[in-house]
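Student: Could we take a close look at one part of this protein together? I would like to go slowly and learn the terms on the way.

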Amino acid sequence: MLGGSKMSGKRWFDLVLIGLTAPVWTVGIGVLATLVWLVDGRPIFFTQPRVGRSRRLFKIWKLRTMTRAPAVEDRRPTRLGGWLRNRGLDETAQLWNVVLGDLSLVGPRPLTLADADRLVAAHPPFAARFEVAPGITGLSQVCGARGPAITAELDAHYARTRTAAGDLAILVRTVWINVVGKRRGLRRLPGSAIR
């Protein structure tokens, strides 16, 4: 188990995988960043405060996928942005957050402060997600969870049962989703799998 007392083991696991795959992901981010710059212009990256473990705030990095309209409600996906978002490739820049220690490779997705407050108020069990490090991908994401109740249940299940083998399985599923897109790659778990 990768329990709270072994967080350094999970961090080691993350850094080993990051190091072994560095030639691939650094080139990949470079190519994608160049595409964003050529197709959609600057800024190339999007940053935003997010809530991490123990509700600590940090700045998350993504490749920019939305237009730059001043009002948030007026922003739309860029020409390249829709494709990047469908495959989750905009989030590859968050590998830098893993290097910095803000994120793990696998864990509950980090929320904005407003979303964290709203979701915890609406569904108090959602607060359990702040007991573990957030991740670039997680069980909720590869299962296509919708709504706070099922997301909270999956996040709690992950926190109780996480293992290195389980993290690897989630990472493999995430890579598959990146290749084929969310519509084909997502797989919902049967209800019995999260009991």
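Student: In which helix is the place of valine 16?

Tutor: Happy to help! This is a predicted model, where local features need pLDDT of at least 70 and side-chain atom pairs count only at pLDDT 80 or more, while totals for chains, interfaces and linings use all residues. Residues are numbered from 1 along each chain as its sequence is written, and side-chain values use heavy atoms, leaving out hydrogens and water.

Valine 16 has its place in helix α1; helices are DSSP runs of H or I with at least four residues, numbered from the N terminus. With a relative accessible area of 32%, valine 16 is partly exposed, that is, between buried (under 20%) and exposed (over 50%), using a 1.4 Å probe and protein chains only. Together with Trp12 and Leu20, Val16 makes a nonpolar surface patch of about 360 Å². Such a patch joins nonpolar side chains (Val, Leu, Ile, Met, Phe, Trp, Tyr) within 5 Å, from residues with over 30% relative accessible area and no salt bridge. A salt bridge puts a side-chain nitrogen of Lys or Arg within 4 Å of a carboxyl oxygen of Asp or Glu.

Now look at aspartate 14, which is also placed in helix α1, residues 7-40. Aspartate 14 is buried and has no salt bridge, and the nearest side chain of opposite charge, lysine 10, lies 4.8 Å away; here Lys and Arg count as positive, Asp and Glu as negative, and His and the chain ends are not counted. Beyond its neighbours within four places in sequence, aspartate 14 is in contact with Val98, Leu103, Ser104 and Leu105, contact being heavy atoms within 4.5 Å.

Note on methods:
Helices (H or I, at least four residues) and strands (E, at least two) are DSSP runs, numbered from the N terminus. Patches are made of residues with over 30% relative accessible area and no salt bridge: like charges are joined within 9 Å, nonpolar side chains (Val, Leu, Ile, Met, Phe, Trp, Tyr) within 5 Å. Accessible areas come from the Shrake-Rupley method with a 1.4 Å probe; for residues, only the protein chains shown count as cover.
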